[in-house]
Each structure stands twice: as C-alpha cells, then as structure tokens.
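Please work through the following exercises with the sequence and the coordinates open beside you. Each task is followed by a solution that goes step by step.

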Amino acid sequence: MLYCVKRETIFWEEGCDDAVWGREWWRGGESIGYTGAMIQAISQPESIPEALGSQAVVSVFGLTKRFGERLVVNNISFDIQRGQCVGFLGPNGAGKTTCINMLLGLVEKSAGKIRIFDLEAPRFHREIKARIGVVPQADSLDPDLSVEENLHTYAGYFRIPRRIARARVEELLHFFALHNRREEIIEHLSGGQRRRLLLARALINEPELLILDEPTIGLDPQARHLIWERLAILQARGTTMLLTSHYLEEVSRLSQQVLILDHGQVVVQGEPQQLITDLVGLEVFEVDGTPSELDALEVSFRQCNATQERVGDKLYVYAKEDCSRLVKVVGTSGNWIRRPANLEDLFIQLTGRSLRES
Ligand SMILES: Nc1ncnc2c1ncn2[C@@H]1O[C@H](COP(=O)(O)OP(=O)(O)OP(=O)(O)O)[C@@H](O)[C@H]1O
Ligand SMILES: [Mg+2]
C-alpha cells in the first residue's frame with residue numbers, strides 16, 4: 001500500500017506514487033506517515049516525533065525553469081523552516097534570482113511545486129504575497145515619490161489602516177536611519193539609502209518571510225554593516241529569511257543553513273560551519289612563492305591531512321587537521337598567511353574559480 005499526497009489531503013490507494021510530496025517516515029520497515037509543508041493530515045500522527053514534524057515556511061520540490069532551450073533552474077528542492085535564515089548562494093547566473101522570481105510568481109515555473117505558508121504557489125499568490133517582504137535585486141522604488149511616500153504607498157497595497165501605517169513608517173524610518181531624509185525624493189538618495197529604504201518597504205506589512213536578493217549590493221562597508229546589523233535583529237526576532245548575497249562572510253554569520261546553486265542545480269546544502277569543516281577543513285595556508293618554493297612546500301604538506309591547490313604563484317593548503325608542525329617550513333617563504341577556513345573557500349571549492357558569463 002502506498003500513501004499518496006494530493007494538496008492538503010492524504011489519499012492512499014494502490015499504485016499511486018506520482019503525487020507524493022513531503023517526507024515519508026518509516027519505522028521498523030513500515031511507513032508511518034508524512035511530514036512537510038504541504039501535509040496537513042498525517043496517517044498516524046501520534047507515532048511521529050514532534051521534532052520531525054516541524055513545519056516549513058517554504059517548500060520547493062523539483063523546481064525547474066527553461067527560458068527557451070536554456071535550462072536555468074534544474075530540478076531543485078529545499079525547505080526553509082520557520083525562524084531560519086537560509087543563505088541562497090551561487091555564482092553569477094546560477095539561477096538564484098530566477099528561483100526567487102518563481103517563488104514570488106513573477107516568473108512562470110516550467111515544472112515543480114512550491115508551497116509557501118502551506119499554500120500552493122502561484123495559485124494562492126495574493127494570500128502568500130500579503131505575508132512576504134521582498135528586497136529585489138533591482139531597485140524598484142517609485143522615483144517620483146519621497147522616502148515617506150514610498151512607504152505609505154506600499155502600505156496602501158497591503159490595505160494597512162492609515163493610523164497603523166503611520167506608526168510603522170515612523171518606526172521603520174528610525175530603524176533604517178532614514179528619518180532625516182523622509183521628504184527627500186528617491187533620485188536624491190545615495191545607493192545605501194535606497195537599499196535601506198527597500199528594506200524598510202519590505203517590512204511594512206510585518207512579513208513572516210523576508211526574501212532578500214542582494215540586499216547590500218554595491219554598498220560601502222558602513223552601509224553594509226548597518227543593513228547586516230538590522231537583519232541580525234530581525235533574525236533574532238524570529239523572521240524567516242531567504243538571503244542571496246555575494247558577501248559570504250556576512251551570510252555565514254546570519255544563516256543557519258546555506259544552499260549553493262551552480263548552473264541551476266543545488267551543489268550543496270547544510271549548516272555552514274559544518275559544511276566548511278567537512279568539505280574544506282579547519283584552516284587554510286595561503287602562500288606566495290616561486291614555482292620551486294611552492295613545489296617544495298607541496299611535498300612538505302603531504303605529511304599533513306590537507307588538500308592543496310595551486311593558483312598562479314599561490315599555493316592554498318586546506319588543512320583538515322592541526323598542521324602547526326609545518327609552520328616552520330612555511331615560515332621560510334616570503335609571503336604567507338594562516339587563517340580559519342571559511343564559506344568563500346567552500347564556495348570556490350564547489351563552484352570552481354572560472355568566471356561565469358564571460
Ligand atoms: N527572462 C529571461 N530570459 C532569458 N534568460 C534569462 C531570463 N532571466 C534570466 N535569464 C538567464 O538565466 C540565468 C540565471 O539568471 P539569474 O538572474 O537567475 O542568476 P543569478 O543567480 O541571480 O545571478 P546573479 O548573481 O548575477 O544575480 C542567466 O544565464 C540569465 O541570463
Ligand atoms: Mg540575481
């Protein structure tokens with residue numbers, strides 16, 4: 001007997017397997033039921049541990065997008081649990097924005113299923129959108145309106161009563177340090193102020209889910225820090241987030257999960273520090289030197305559990321154990337550093353060093 005899941009209902013009938021979506025739990029060789037965003041009913045709820053039945057805010061299954069002949073998103077699946085920040089990473093052109101646009105119903109999917117707040121997308125697009133905040137990759141502020149008017153207009157789309165909207169706008173202007181520019185028209189704002197306003201606008205409906213496509217793109221360190229600090233506060237308050245960014249250091253600080261896409265496919269998914277330790281190692285030595293110096297170092301590092309990579313005049317050693325005993329050898333080279341392995345190392349290892357879209 002197979003359990004088959006269709007929309008909010010579980011049907012079980014002989015031979016029905018194509019509609020199953022969610023997680024199927026087995027015990028003692030026997031299926032005891034399903035969990036997942038789309039599952040309302042569970043065949044034997046009392047036998048499923050509560051922790052395993054946690055609800056996903058977003059569930060994507062087999063998502064695929066073709067633009068003509070080009071396969072841009074290729075059968076990707078992931079969940080975002082309530083309160084989690086998921087770093088959605090990948091080289092330029094990997095398909096991140098296209099995925100986000102499919103979640104938002106802005107681009108039609110070629111195949112797959114999307115559930116957000118346990119509602120099927122894009123079918124329940126309006127209901128879903130009312131509970132989401134979005135910072136798009138491209139600036140979409142209304143250039144003819146002032147800072148404050150942009151926020152009020154957006155509040156109007158969500159039919160937020162005037163009195164509540166006024167209080168929220170005030171709070172958001174202060175939260176994003178825009179209160180002194182409230183009457184400025186958009187074209188007089190700096191890039192950093194525009195991104196902050198986009199974030200403020202995304203929060204006007206007090207969203208349960210925040211989708212951020214490059215929230216700090218092109219900003220100076222001060223503006224970036226302010227935004228990352230505000231995002232950390234939102235995260236601590238329990239906002240669920242899907243975050244795309246090429247600032248990997250910040251992503252690794254904020255995200256409980258990362259998902260790396262390349263050529264439209266998920267190459268890895270998991271807890272960032274765990275992935276770094278498992279796939280890259282503990283620490284990295286970066287050494288500049290002549291080819292013969294680097295050759296000699298490569299031989300020395302074979303005594304340690306490490307992988308090595310030569311890029312031009314540089315040797316990268318990704319140490320999977322404490323290689324302190326080799327510091328003396330490295331010390332004879334001119335230029336070298338020793339640092340903890342990070343998300344950028346993982347990203348480069350999994351997606352390579354070649355430039356995309358060249
Ligand atoms: N409307 C479209 N028609 C045709 N191709 C498109 C369209 N939109 C996106 N693409 C292509 O899909 C691929 C993925 O683009 P997408 O914008 O999703 O990448 P991304 O991962 O967001 O990249 P970036 O980091 O540069 O923002 C690219 O090759 C892009 O040229
Ligand atoms: Mg993009």
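The exercises below concern a predicted model, and they take up sheets, a turn, helix packing and the surroundings of a ligand.

**Exercise 1. Work out the strand order of the open sheet that contains S5 and S8, and say which strands stand at its edges.**

Step 1. The open sheet has four strands in the order S6-S5-S8-S9, and their pairing is antiparallel. Strand S6 (70-81) and strand S9 (119-121) each have a single partner strand, so these two stand at the edges and one side of each is left without a neighbour in the sheet. Neighbouring strands of this sheet are turned against each other by 25° on average, direction ignored.

Step 2. Take the pairing of S5 and S8 next: strand S5 (residues 56-67) is joined to S8 by five bridges, and the two run antiparallel. Val60 can serve as a reference point for the register, since Val60 stands opposite Ile114 in S8.

Step 3. On the other side of the order, strand S8 (residues 111-116) is joined to S9 by three bridges, again with the strands running antiparallel. Here Ile116 has Leu119 in S9 as its bridge partner.

**Exercise 2. Examine the backbone from the end of S8 to the loop after S9, and identify the residue with a positive phi and the cis peptide bond.**

Step 1. S8 and S9 form a hairpin, with two residues between them. Phe117, in the loop between S8 and S9, has a positive phi of about 50° although it is not a glycine.

Step 2. As background for judging such values, most residues other than glycine have a negative phi, and most peptide bonds are trans.

Step 3. The second feature is the peptide bond between Ala121 and Pro122, which is cis, with omega at about 5°. Pro122 is placed in the loop between S9 and helix H2 (125-129).

**Exercise 3. Determine how H5 packs against H6, and how H3 packs against H5.**

Step 1. Helix H5 (residues 191-202) and helix H6 (residues 221-236) pack at an angle of about 15°, and their axes lie 10 Å apart. Angles under 35 degrees count as roughly parallel, and H5 and H6 are therefore roughly parallel to each other. The crossing in which H5 passes H6 is right-handed.

Step 2. On the H5 side the contact is made by Gly192, Arg195, Arg196 and Leu199, and on the H6 side by Ala223, Ile227 and Arg230. These residues divide into three nonpolar, one polar and three charged.

Step 3. For the other pair, the axes of helix H3 (residues 147-157) and H5 come within 9 Å and cross at roughly 25°, which makes H3 roughly parallel to H5. The crossing of H3 and H5 is right-handed.

Step 4. Val147, Asn150, Leu151 and Tyr154 in H3 meet Leu197, Ala200 and Arg201 in H5. The residues of this contact divide into five nonpolar, one polar and one charged.

**Exercise 4. Describe the shell of residues around ligand 1 by its members, its character and the element that gives the largest share.**

Step 1. The residues around ligand 1 are Phe67, Val72, Gly90, Asn92, Gly93, Ala94, Gly95, Lys96, Thr97, Thr98 and Gln137.

Step 2. Sorted by character, the residues of this shell divide into three nonpolar, seven polar and one charged.

Step 3. The largest share of the shell, three residues, comes from helix H1 (residues 96-103).

**Exercise 5. Analyse the open sheet that contains S15 and S17 in terms of its order, its edges and its twist.**

Step 1. The four strands of this open sheet follow the order S16-S17-S15-S18, and the pairing is antiparallel. Strand S16 (306-311) and strand S18 (335-340) have a single partner strand each, so they stand at the edges and one side of each is left without a neighbour in the sheet. From one strand to the next, the twist averages 15°.

Step 2. S16 is joined to strand S17 (residues 314-319) by six bridges, and the two strands run antiparallel. Within this pair, Ala306 stands opposite Ala319 in S17.

How values were computed: Residues are numbered from 1 along each chain as its sequence is written. Chains are lettered from A and ligands numbered from 1 in the order in which they are written. This is a predicted model: local features need pLDDT of at least 70, side-chain atom pairs count only at pLDDT 80 or more; totals for chains, interfaces and linings use all residues. Two strands pair if DSSP finds at least two bridges between them. Axes are lines fitted to C-alpha atoms, for helices over the stretch in contact, and angles run from 0 to 180 degrees between N-to-C directions. Angles under 35 degrees count as roughly parallel, over 145 as roughly antiparallel, 65 to 115 as roughly perpendicular and the rest as oblique. A crossing is left-handed if the near helix is turned anticlockwise from the far one by less than a right angle, and right-handed if clockwise. Two residues are in contact if their C-beta atoms, placed from the backbone, lie within 7 Å. Ala, Val, Leu, Ile, Met, Phe, Trp, Tyr, Cys and Pro count as nonpolar, Asp, Glu, Lys and Arg as charged, and the others, Gly among them, as polar. A residue is near a molecule or strand if its C-beta atom, placed from the backbone, lies within 6 Å of it.
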